[in-house]
Amino acid sequence: MSLDTKVKSRILICLFDATADKTLKKATTGTDIRLPIVGTKYKLFGIKREDFFSVAIQYVLDNAPIFCTWHGSTPEIGIVKPEYFEIVTNNAVHIKKGRLYKLLLPWLGEGLLTSTGNKWHLHRRLITPAFHFKILESFMDVFVEKTQTLLTGLDGMSTGEPFNIYPYITECALDVICETAMGVPINAMKNKENPYVKSVYIISELILGRFIKPIPEFIYKHTSQGRLFQRTLESLHQFSDKVIAERKEALRKSCKCVLERKSEDDIFGRKKRLSFLDMLLEASEDGKIISDRELREEVNTFMFAGHDTTTANICWNLFLLGNYPEIQELVFEEVHSILNDKLTPTSISELSEMKYLECVIKETLRLYPSMPVIMRQLEQEITLGEYKIPATANITLHIYALHRSPEIYPNPNKFDPERFFPENTQNRHPYAYVPFSAGARNCIGQKFALYEEKTILSSLINRYKIVAIETPEKIRMAADLVLRPINGTVLKLERRVFGN
Ligand code: HEM
């Protein structure tokens, strides 16, 4: 049978036709029975939260590289193969996000992460310059200042006793993103009771709760959780609206200052650094191009996409380095030779010299990608291998499982930063490593994340010896909004003897 005939015979266009449906299931998921309303998702019912990720990932690995599950009557095609990732992500048509993102809509609205079509195209074009190298360079002093505050807090914990570092890194990442995205210092590290920070925690936790236990909206809004969600949402929106109004006013005044030939260095009472919001305000042309509501959506999107992902990755790095002391020593030697007796790096050129640390970060993102799964809603029929996938399907891109494919990464569970030495990456498929996704909808903040993470990690390694308590074999993970360790990142820190 020619491939073409095979494609036609397994035609997934007819997914709603019972015969073709059976063919698909046989070909892809064996004997899963599909029930009305729940589809095949009943297989996940009753699994405890702490076991959910490992059960789901085993299912994905067993059925790779392509399989079909059903969310109600909607087919969800799971893929775990670089060639399939390329077909889906390297296609300007398939930019619409899948069903998973719906729960984020009340908070993020149609910001860059969740929007589609013309709106996404316009906003991506307007926001891209805000991630220019020069702008990121101007954020370096924020990264350094927040890292120094973090170290001050951690010095008190470097007693050799185990503690969970996750909340410390979360607060630091929140401080970084608030100041760079909104231009507002919220001092999460110093003021643990900050209402905005608390609201971000609460809303993330509530959204997560709904990911795990889907409750229809008309019921949820009458529950105590639903009411808390609504109150928290209002307070987050009020905060963002207030910041936007204040920055607008400041921008208006600063224009006057420039007209009056006051120093540009003094804009907003500090050095020339502009936040993402300031840049968007300039691009918005007084609401003609971007409305206030859209500004809020983008600010909230940065807050969400820019702190949880980096926190998780920094903590996974610390966890792995704490498990592999010889790799940690190599990082320390590199960092120490670049910084000499300095506490933290202070320039992007120093960060760029940290080549081995970069391989460590990349390998950590391979093993523990902050977003282990992403989803697209197809806009047109596509062909993946021998299957035709109908335009009605959702595609689930299993980044975590892809990164652990033994045929791409021999001994895939081993932490080995050398996999990312230039000579070892040459023959790898370009879509075999996609922690930031790929194609037009890749992560706009990836360079920002790398600079922030290198600043924080190099400073921590420079100051402390890290010992992890849990091991990669035993650690339990949850793919909440991001992939995180269920019991936090429990470490021991010992101050290094030299300098500082
Ligand atoms: C280690 C850190 C990070 C990781 C692993 C990561 C990963 C990703 C991934 C996988 C996507 C694609 C999502 C999808 O297709 O549904 C994405 C999109 C996005 N990320 Fe990141 N991200 C990180 C840090 C950041 C930071 C620091 C920011 C902002 C400062 C950011 C802002 C965004 C935005 C706005 C999008 C949507 C882009 C678009 O659709 O045009 N991310 N990120």
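Here is a short walk through a predicted model, one selection at a time.

**Helix α18.** Start by selecting residues 355–367, which make up α18. The 13 residues stretch 19 Å from first C-alpha to last, close to the expected 18 Å. Now colour by burial: 10 of the 13 are buried, among them Tyr-356, Cys-359, Glu-363 and Arg-366. To see what covers the buried residues, bring up the neighbours, including α15 (308–323), α16 (325–339), α19 (399–403) and α21 (446–463).

**Two arginines over rings.** Stay on Arg-366 and show Tyr-409: the arginine lies over the face of that ring, 4.8 Å from its centre. Next, pick Arg-404, whose charged end sits over the ring of Tyr-368 at 5.3 Å from the centre.

**Aromatic pairs.** The whole structure holds 19 aromatic pairs. Try Phe-53 with Tyr-400, an edge-to-face pair with centres 5.0 Å apart and planes at 85°. Phe-53 belongs to α3 (49–63) and Tyr-400 to α19, so you're looking at a link across 347 residues of chain. Both Phe-53 and Tyr-400 are buried.

Then jump to Phe-139 and Phe-276, which count as edge-to-face because their planes meet at 80°, with ring centres 5.2 Å apart. Phe-139 is in the loop between α7 and α8, while Phe-276 is in α13 (276–283). Add Phe-131, Phe-143, Phe-302 and Phe-448 to that selection and you have one aromatic cluster.

**Last stop, Cys-443.** Select this cysteine in the loop between α20 (422–425) and α21. An unreviewed UniProt entry lists Cys-443 under "binding site". Is Cys-443 buried or partly exposed? At 32% relative accessible area, Cys-443 is partly exposed.

Terms used:
Residues are numbered from 1 along each chain as its sequence is written. This is a predicted model: local features need pLDDT of at least 70, side-chain atom pairs count only at pLDDT 80 or more; totals for chains, interfaces and linings use all residues. Side-chain values use heavy atoms; hydrogens and water are left out. Helices (H or I, at least four residues) and strands (E, at least two) are DSSP runs, numbered from the N terminus. The expected span of a helix is 1.5 Å times one less than its number of residues. Buried means under 20% relative accessible area, exposed over 50%, partly exposed in between (1.4 Å probe, protein chains only). Contact means heavy atoms within 4.5 Å. UniProt positions are given in the numbering used here, feature names are shortened, and annotations may be inferred rather than shown by experiment. Rings of Phe, Tyr and Trp (its six-membered ring) pair if their centres lie within 6.5 Å; planes under 30 degrees apart count as stacked, over 60 as edge-to-face and the rest as tilted. A charge sits over a ring if NZ of Lys or CZ of Arg is within 6 Å of the ring centre and within 35 degrees of the ring normal.
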